[in-house]
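Hello,

Here is the structure I promised to pass on. My notes follow below it.

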Amino acid sequence: MPYVSQPSTDHAAPTRQRGFTLIELMIVLVIVGIVASIAYPSYTRYAQKSLRTDAHAALMQAASALERCNTQSYTYADCDDVPTTSPEGHYAIDVSTGDDNGGYTLTAETDRDDGCDGALTLDARGRQAPEACW
């Protein structure tokens, strides 16, 4: 039997374009914005806390150096090997000796935002200030 062409009943069906609609993109942007607004403050607190850790390490190293010096010379005033910067270099360490009790006060200051209102301090009695930053 010879092949007879059948009339086509298949009309050109409209093809659907692939992609995202404007509404879908706006919903994604809103979700990303909400996640970012939650994550950014948490990240900021984490960065501030890690920055303060540098100050804590510096103050503890300086206190150890002062105590070693005191065990050798019985005074804090003649100590020359006290570090003046933090290990990461974010803080400047200031040493004040000869307070009323014959001890010392260490102060760590930075120009970066570490989340504290003032400088971090540590004295010969182990008092740490401001308390919220330790």
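Buried residues account for 23% of the 134 residues in the protein chain. Keep in mind that this is a predicted model.

**Overall layout**

The secondary structure amounts to 1 helix and 4 strands. Along the sequence the order is α-β-β-β-β. The helix therefore precedes the strands in the pattern, with strands numbered from the N terminus.

**The helix**

Helix 1 spans residues 22-73. It has 52 residues. From the first C-alpha of helix 1 to the last, the reach is 76 Å. That is close to the 76 Å expected at 1.5 Å a residue. Just after helix 1 comes Tyr-74, with a positive phi of about 60°.

Helix 1 also contains Ile-31. This residue belongs to a nonpolar patch on the surface, together with Ile-23, Ile-27 and Val-35. The accessible area of the four together is about 400 Å². A residue needs over 30% relative accessible area to join such a patch.

**The sheet**

The 4 strands make an open sheet. Their order is 1-2-3-4, and the pairing is antiparallel. Strand 1 and strand 4 are the edge strands, each pairing on one side only. As a reminder, strands of a sheet pair through backbone hydrogen bonds.

Strand 2 covers residues 104-109. Strand 2 and strand 3 run antiparallel and are joined by 4 bridges. Thr-107 has Thr-121 in strand 3 as its bridge partner. Thr-121 in turn has a bridge partner in strand 4, namely Ala-129.

Strand 3 covers residues 120-123. Its antiparallel pairing with strand 4 runs over 2 bridges. Leu-122 sits opposite Gln-128 of strand 4. Strand 4 itself is 128-129.

Strand 3 and strand 4 also form a hairpin, with 4 residues between them. Look at Gly-126 in the turn: its phi is positive, at about 90°.

**The salt bridge**

How many salt bridges does the count come to? The count is 1 salt bridge. Asp-123 and Arg-127 form it. Their closest N and O atoms are 2.6 Å apart. Asp-123 has a relative accessible area of 11%, so it is buried. Arg-127 is at 49% relative accessibility and counts as partly exposed. The cut-off matters for Arg-127, because exposed means over 50%.

**The aromatic pair**

The structure has 1 aromatic pair. The partners are Tyr-76 and Tyr-104, and their arrangement is edge-to-face. The distance is 4.9 Å centre to centre, with 70° between the planes. Tyr-76 is in the loop between helix 1 and strand 1, and strand 1 is 92-97. Tyr-104 is in strand 2. The pair therefore ties together parts that are 28 residues apart in sequence.

Are these two rings on buried or exposed residues? Tyr-76 counts as buried, at 11% relative accessibility. Tyr-104 is buried too, with a relative accessible area of 3%. Both values fall in the buried class because that class means under 20% relative accessible area.

**Where to look**

Three places are worth opening in the viewer. One is the patch that includes Ile-23 and Val-35. Another is the hairpin of strand 3 and strand 4, with Gly-126 in its turn. The third is the edge-to-face pair of Tyr-76 and Tyr-104.

Best wishes

Terms used:
Residues numbered from 1 in each chain as written. Predicted model: local features only at pLDDT ≥ 70, side-chain atom pairs only at ≥ 80, totals over all residues. Heavy atoms only, no water. Patch = residues over 30% accessible without salt bridge, like charges linked within 9 Å, V, L, I, M, F, W, Y side chains within 5 Å. Areas by Shrake-Rupley, 256 points an atom, 1.4 Å probe, with all protein chains shown as cover. Salt bridge = Lys/Arg side-chain N within 4 Å of Asp/Glu carboxyl O. Phe/Tyr/Trp six-rings, centres within 6.5 Å; stacked < 30°, edge-to-face > 60°. Buried < 20%, exposed > 50% of the residue type's maximum accessible area, 1.4 Å probe, protein only. Pairing = 2+ DSSP bridges. Expected span 1.5 Å × (residues − 1).
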